[in-house]
Amino acid sequence: MKKRRTVAWALIALFQASMAHAQDRKIEAAIKHRKAAFTLMSTYVSRLVQAVEGGRPYDPARSLEDARGVEFISRLPWEGFVPGSERGDTRAKDDIWFEEDRFRKLAIELQSRTAALAKAAETGNLQKLRGAVDDMRDTCTRCHKAFRKD
């Protein structure tokens, strides 16, 4: 009887450890997901910034592709902000989970700004694109100041 109880407790402990490990893997995957999305978005945003600031030749077709890429990618990172993902290899501040409404509003604002960015790029007008890039970057900056560790 004692041996059965010991085996049962060992199995319970093993099961709990395996569940904790699975949860940690989910958290790591969530962090990797959002970091990958932000890295990719940064690449396309950098190309747009270079185009509007004169660091690279302005190509309306390329800028439109980049803007559409940013618009699409701006919808991706948010599913990676799951409970428990404030720990680990992340620059996300804990404040994200304490100020979820504010964080969510900035995420929605970013998506709105990137949609406006794509519309501005569709015009082929560099001045409109520059304004849309500046508006989007303002939203990025406000979110980073509030919710990213530097």
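1. Two residues are taken to be in contact when heavy atoms of theirs lie within 4.5 Å. On that footing, among contacts in the chain between residues at least 6 apart in sequence, 76% join residues that are at least 24 apart. The reader should keep in mind from the outset that this is a predicted model.

2. As to the overall make-up, the secondary structure of the chain consists of five helices and zero strands, and reading along the sequence gives the pattern α-α-α-α-α. The chain has 150 residues, of which 31% count as buried, while the area that the chain exposes comes to about 9700 Å², with carbon and sulfur atoms supplying 56% of it.

3. The aromatic residues deserve a careful look. Rings are counted as a pair if their centres lie within 6.5 Å, and by this rule there are seven aromatic pairs in the count. One of them is formed by Trp78 and Phe81, whose rings are stacked, at 6.0 Å centre to centre and with 20° between the planes. Both Trp78 and Phe81 are buried.

4. A further pair joins Phe103 and Phe147, and since the ring centres are 5.3 Å apart and the planes stand at 80°, an angle over the 60 degrees that the edge-to-face class requires, this pair is edge-to-face. Phe103 belongs to helix H4 (residues 100-123) and Phe147 to helix H5, so the pair ties together parts that are 44 residues apart in sequence. Phe103 is buried, and Phe147 is buried as well.

5. Which residues form one aromatic cluster? The members are Phe38, Trp78, Phe81, Trp97, Phe103 and Phe147, so that the residues of the stacked pair, Trp78 and Phe81, and those of the edge-to-face pair, Phe103 and Phe147, belong to one cluster. A charged residue is also placed at this cluster, for Arg34 lies over the face of Phe81, at 4.4 Å from the ring centre.

6. Helix H5, which spans residues 126-147, also holds Thr139. Is Thr139 buried or exposed? Thr139 has a relative accessible area of 2%, and because the cut-off for a buried residue is under 20%, Thr139 counts as buried.

7. What surrounds Thr139 can be described in some detail. If its neighbours within four places in sequence are left aside, Thr139 is in contact with Leu106, Glu109, Leu110 and Arg113. With one of these residues, Arg113, there is a polar contact between the two side chains, at 3.5 Å.

Terms used:
Residues are numbered from 1 along each chain as its sequence is written. This is a predicted model: local features need pLDDT of at least 70, side-chain atom pairs count only at pLDDT 80 or more; totals for chains, interfaces and linings use all residues. Side-chain values use heavy atoms; hydrogens and water are left out. Helices (H or I, at least four residues) and strands (E, at least two) are DSSP runs, numbered from the N terminus. Buried means under 20% relative accessible area, exposed over 50%, partly exposed in between (1.4 Å probe, protein chains only). A polar contact is a pair of N or O atoms within 3.5 Å; within protein, one must be able to donate a hydrogen and the other to accept it, and residues adjacent in sequence count only if both atoms are side-chain atoms. Accessible areas come from the Shrake-Rupley method with a 1.4 Å probe; for residues, only the protein chains shown count as cover. Rings of Phe, Tyr and Trp (its six-membered ring) pair if their centres lie within 6.5 Å; planes under 30 degrees apart count as stacked, over 60 as edge-to-face and the rest as tilted. A charge sits over a ring if NZ of Lys or CZ of Arg is within 6 Å of the ring centre and within 35 degrees of the ring normal.
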